[in-house]
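Please look over the chain shown below before reading on. The report then takes up several of its parts in turn, from single residues to helices and a pocket.

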Amino acid sequence: MKRSLQAIRHLHPGIHLTSLETEASNSIANVDCMSLRKLLSLRPVPITCMFQFNYMLEPEFFFSHIPPESRASEIVFVVHRNPALSSLKALPRTRFIFPRVEQFGTHHSKMMILFYADTRAHIVIHTANLVERDWGQKSQMCWVSSLLQHKEISKDNPQKRSPSTSNPQFEQDFMAYLGAYGKELEPLRKRLQEFDLTQERAQIIASVPGRHKGPTDLCKWGHKKLGQTLAKTIVRDDSETKGSQMTVVCQFSSIGSLGKDDSWLIGEFANSLCPHRLGRGLLTANQKNGSAGRMKIALIYPTWTQVRDSLQGWSAGNSIPFSNDNWLKQKDYMRPLLRKWVSKNAGREFAMPHVKTFALLNEQTKDISWILVTSHNLSKAAWGSLQLKGTQLFIRSYEIGVLLAPDYFKTEKIQNVTLKCFTAREMAEIVGDLAVDKDDSPNLDIVVPVRLPYDLPLTPYNSADDPWRWDVAFEGLDSHGERRVL
C-alpha cells in the first residue's frame, strides 16, 4: 500500500545551482540558487577569516562581492600559480598560497572555508572560478555544509551526536585532503579540528598530485577513492533488468587526452563508477545502450552550435577546453556516448556548463543512486591513471567534490530515502517546505530533491552534431553577432 502524500518529507540535499543574472532573482530559473555574493552572506554574522581555494582568481571582482560587514576579514587564497597573481603587491590582510602540482597539472579545486565572528563556520565546495565570466551566465553548482560548531558544543547535543547520524568518514577525508597541502595549511587543519565535521550528509572525493600506491594510498584519491566509496555505499543490486535501466552520467566542461581506445574511459574510470558491476561490464562504444546486464554510460558535452547560441556566445567556449587533436583520436569510441547539453526544464538551456557532475540514475523515473558535484573534469590529470600493473595511481592535479547518496540521509528510524531529479518548476513548488534537519518520525518517507543542471531523459547527438573544440574556427555569428576568432 502506498503511503499518503502527508507521509512524504522533502529534505534539502545541500547542493544548489548558481544564479543566472539574465533572470529575475525570484524567477523559477533561480529558485534555490546561490550567487557569489549570497555565498559570502550566508549569515548575518561577519566573516572574520576565509580560505578561498581555486584555479583562477580576479581579485577586484572577488573583493567587490564581499559584503561590507566582512571586508575586514583575513583572506587566504589557495590558487594555481600564475605570473599576474605572483607579482601582485601585498594586499591588506590577504595572503596567497600556490601549491605544487605535477607537470601539466593544476590546482583546480574550488572551495571556501568561512569562519564567522560567533565561532561558527561553513564549508562550500563549488565549480566556479573566482572570475567574472564564471558567475551569472554559466551553469555552475555548489554544496554548502551545515553550520559547523565547536566539538565542545556539539557533544552536548545528544541528537546531533547519535550514531545513526554521525559521519566520521567525511571529517577523516576532509582533514586528509587539507593535510596533503603540507605545512602551509597546517594552521587551518588544526583550526578545523576544533569543529565537528561528522554531521555532513555527504562524502569527500578528492584528488591530490602524486603517485599513490600501497594498500592505504592507492584508493585514497581520484577515481579509486570514488570506486571504494561507492562500493561501501551503494547496495549491490543483482537485477539484470534494473541494471539496464540505469545510466552512468558523466557531465563536464573539459575533456583531456584519454587515449586512442576506451581502455581508460571504460576499462578503468567507468568501472570505478560502477564497482558492483565488475565482471558484468559497462557498455563500450560498439555496444547498444540497454544491452541486458550492461550499464549505460553517457557523456554530456555541448555541441559547437550550442556554444555559438549561448548567453556568452563563442567566448563561452574559452572555458570549455577540448582540443581537435584529442577529438580525432577519441571520436570513434566517444561519439556514440555523447549527449547534448539540454536544459530547458532545468532552466539552464543557454547557460553553458562549467559545472561538473557524475551520477548513476534512471532517466525515466529520475531516481538518483548517487551524484557527485565536483571540480573534476573528464581527464586522467584529474582522476588519475593506473600504472605499474594497477598498483599505482598517478594524479597531476588538485580536485575536490562531494558525493551524495540516499544512505547518507538515513537515520536509525528513517530508512526509506530517495534522491530524485526535480525540474526548476518542480523545485519551485516545494522549496518553501524543504527541511534542513532530519526528522526521525518513523512513518516518514524522505525525498531529497536534486536540481540537476540538465534535463532527463538525455538527448543523444544526431549525425549532424559535432562537439565543441576550442581550437577550431567554427563558422557563423554567435548570439552577440560576433565571429569565432582563434
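Is Asp173 buried or exposed in this structure? The model is a predicted one, and in it Asp173 has a relative accessible area of 11%, which is under the cut-off of 20%, so Asp173 counts as buried. Asp173 is found in helix α5, and, leaving aside its neighbours within four places in sequence, Asp173 is in contact with Ile204 and Lys225.

Helix α5 itself runs over residues 168-179, and because each residue should add 1.5 Å, its twelve residues are expected to span 16 Å; the C-alpha atoms at its ends are 16 Å apart, which agrees with that expectation. Asp173 is one of the buried residues of α5, and the others are Phe170, Glu171, Phe174, Met175, Tyr177 and Leu178. As general background, an α-helix has 3.6 residues a turn, so residues three or four places apart point the same way.

A pair of helices comes next. Two packed helices are described by the angle between their axes and the distance between the axes. For helix α8, residues 222-233, and helix α10, residues 265-273, the axes come within 7 Å and cross at roughly 40 degrees. On the side of α8 the residues that meet the partner helix are His223, Lys224, Leu226, Gly227 and Leu230, while α10 contributes Glu268, Phe269, Ser272 and Leu273. By class, this contact of α8 with α10 is made up of four nonpolar, three polar and two charged residues.

Where does Phe358 lie, and what does Phe358 touch? Phe358 has its place in strand β14, residues 357-362, and, at 0% relative accessibility, Phe358 counts as buried. Leaving aside neighbours within four places in sequence, the contacts of Phe358 include Phe269 and Leu273, two residues that also belong to the α10 side of the helix contact described above. Among the other contacts of Phe358 are Val249, Cys250, Gln251, Trp370, Asn377 and Trp383. Ile371 is another contact of Phe358; Phe358 and Ile371 are 13 residues apart in sequence, and their C-alpha atoms are 5.7 Å apart in space.

The second largest pocket holds about 770 Å³ of space. Of the 34 residues that line this pocket, the closest to its centre are Thr106, His108, Ser254, Pro321 and Asn377; Asn377 has already appeared as a contact of Phe358. Helix α13, residues 380-383, gives the largest share of the lining, three residues. The lining divides into eleven nonpolar, 17 polar and six charged residues.

Some backbone angles also deserve notice. Most residues other than glycine have a negative phi, and most peptide bonds are trans. The table lists two residues that have a positive phi although neither is a glycine.

| Residue | Phi | Place | Relative accessible area |
|---|---|---|---|
| Phe104 | about 70 degrees | loop between β5 (94-97) and β6 (111-116) | 68%, exposed |
| Leu388 | about 50 degrees | loop between β16 (385-387) and β17 (392-395) | 53%, exposed |

Which residues does a cis peptide bond join? The bond links Leu456 and Pro457, with an omega of about -5 degrees, and Pro457 has its place in the segment after β20 (445-450).

Notes. Residues are numbered from 1 along each chain as its sequence is written. This is a predicted model: local features need pLDDT of at least 70, side-chain atom pairs count only at pLDDT 80 or more; totals for chains, interfaces and linings use all residues. Side-chain values use heavy atoms; hydrogens and water are left out. Helices (H or I, at least four residues) and strands (E, at least two) are DSSP runs, numbered from the N terminus. The expected span of a helix is 1.5 Å times one less than its number of residues. Buried means under 20% relative accessible area, exposed over 50%, partly exposed in between (1.4 Å probe, protein chains only). Axes are lines fitted to C-alpha atoms, for helices over the stretch in contact, and angles run from 0 to 180 degrees between N-to-C directions. Contact means heavy atoms within 4.5 Å. Ala, Val, Leu, Ile, Met, Phe, Trp, Tyr, Cys and Pro count as nonpolar, Asp, Glu, Lys and Arg as charged, and the others, Gly among them, as polar. On a 1 Å grid over the protein atoms alone, a cavity is a set of points where a 1.4 Å probe fits but cannot get out, and a pocket is an open set with protein on both sides within 12 Å along at least five of seven lines; lining residues have an atom within 4 Å of a point. Grid points are joined across faces, edges and corners, and a volume is the space filled by probe spheres set on the points.
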